[in-house]
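Please look over the sequence and the fold shown here before reading the report. The text then takes up a few local features in turn.

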Amino acid sequence: MNFHNYIRAVGTGPKSNRELTKDEIMDCMEQILNQNVKTEQIASFLLGWRVRLETNEELKVSLDVFDKYIKRVKIPNSIELGYPYDGKADNPYLFPLFGKYLKKFDLNIVLSGDYLQPAKHGITVKEIANNYKLDDNTYFFDRKDYFKELSNLSEIRNILGLRTAFNTLEKLLNPATSEYAITSAFHKPYVGKYNDIFAPKYKHLVIVKGNEGTPEIFSKCKYWINNNGEIKEYIIDPEYFGINYKKSWNRITLQESLESINNPSDELLKLVKLNVSLLLVTAKKAKNIKEGFEMLS
């Protein structure tokens, strides 16, 4: 179909905007991923789609289209950590220190990364993975290798400079066919949205209101688990576990982030154990955070 029809569906105002049908969103996504239309048209659609608000059905069909392009492998007993692609700006990454604690539980970690995407301008997972020797049970997947079509849209997205639906969809692309996954939602309405979109693709999904939009815990926060269709809310408070981590940067550099994980403080290591406890809950190795934390002591 003529791509202008899709732009009209999202960019002509409240009276004329409409939800795209399954066939339309499939064709639209394929035209975008294959870049069969001009850059300006892709940017116009993504912006209009964001303003009109993407529906869950449109997003789920988009993920189905992605599945046709993604080159997957199978890493057993793996937990996919769904990080945003706009990076971290205020705290170091903790994931490089998770692996050694999870080995005793025969669990693997899967992460995905790419070029920086809008709009935070932080340090990316890819930058950490390329500059730190990860444990042998921690697997980093570069999106340019397993889903080059989406990676190739990075320049267009950075020219646009705004968040789009791709910021949501790319969090959990499951390149390793993982059974377990954890990602972050800042606003509570997204908890239901993420469960609707992503949960059917995993045996168990946990959503946490993590630090800087990541699935990492640095302070008191909430997390949600879907039990047979009922989403239950829980609270994690690091102080309950005797953790009093204080960050030392206004805006962290890559070198400072690497230094923190190369020479972690005692408080940072406690924070790492708390995060690993949530991963044990995600993989159904622990019933709750307290049990998981005790299993690591």
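What follows describes helix packing, some backbone features and a surface patch.

This is a predicted model, in which local features need pLDDT of at least 70 and side-chain atom pairs count only at pLDDT 80 or more, while totals for chains, interfaces and linings use all residues. Residues are numbered from 1 along each chain as its sequence is written, and side-chain values use heavy atoms, with hydrogens and water left out.

**Helix packing**

Two packed helices are described by the angle between their axes and the distance between the axes. Helices here are DSSP runs of H or I with at least four residues, strands are runs of E with at least two, and both are numbered from the N terminus. Axes are lines fitted to C-alpha atoms, for helices over the stretch in contact, with angles running from 0 to 180 degrees between N-to-C directions.

Helix 2 (residues 22–33) and helix 3 have axes that come within 11 Å and cross at roughly 135 degrees, which makes helix 2 oblique to helix 3. Angles under 35 degrees count as roughly parallel, over 145 as roughly antiparallel, 65 to 115 as roughly perpendicular, and the rest as oblique. Helix 2 also packs with helix 4 (residues 56–69), at an angle of about 50 degrees and with the axes 9 Å apart, and helix 2 and helix 4 are therefore oblique to each other.

**Backbone features**

In the loop between helix 2 and helix 3 lies glutamine 35, and asparagine 77 lies in the loop between helix 4 and strand 1 (78–82). The table gives phi for these two residues, neither of which is glycine.

| Residue | Phi |
|---|---|
| Glutamine 35 | near 50 degrees, positive |
| Asparagine 77 | near 50 degrees, positive |

Glutamine 35 has a relative accessible area of 34% and is partly exposed; asparagine 77, at 34% relative accessibility, also counts as partly exposed. Buried means under 20% relative accessible area, exposed means over 50%, and partly exposed lies in between (1.4 Å probe, protein chains only).

A cis peptide bond, with omega of about 20 degrees, joins proline 118 and alanine 119. Alanine 119 is placed in the loop between strand 2 (108–113) and helix 6 (125–131).

**Surface patch**

Leu47, Val51 and Leu162 make a nonpolar surface patch of about 270 Å²; such patches are made of residues with over 30% relative accessible area and no salt bridge (a side-chain nitrogen of Lys or Arg within 4 Å of a carboxyl oxygen of Asp or Glu), and nonpolar side chains (Val, Leu, Ile, Met, Phe, Trp, Tyr) are joined within 5 Å, like charges within 9 Å. Accessible areas come from the Shrake-Rupley method with a 1.4 Å probe, and for residues only the protein chains shown count as cover. Leucine 47 belongs to helix 3 (residues 39–52) and is partly exposed, with a relative accessible area of 36%.
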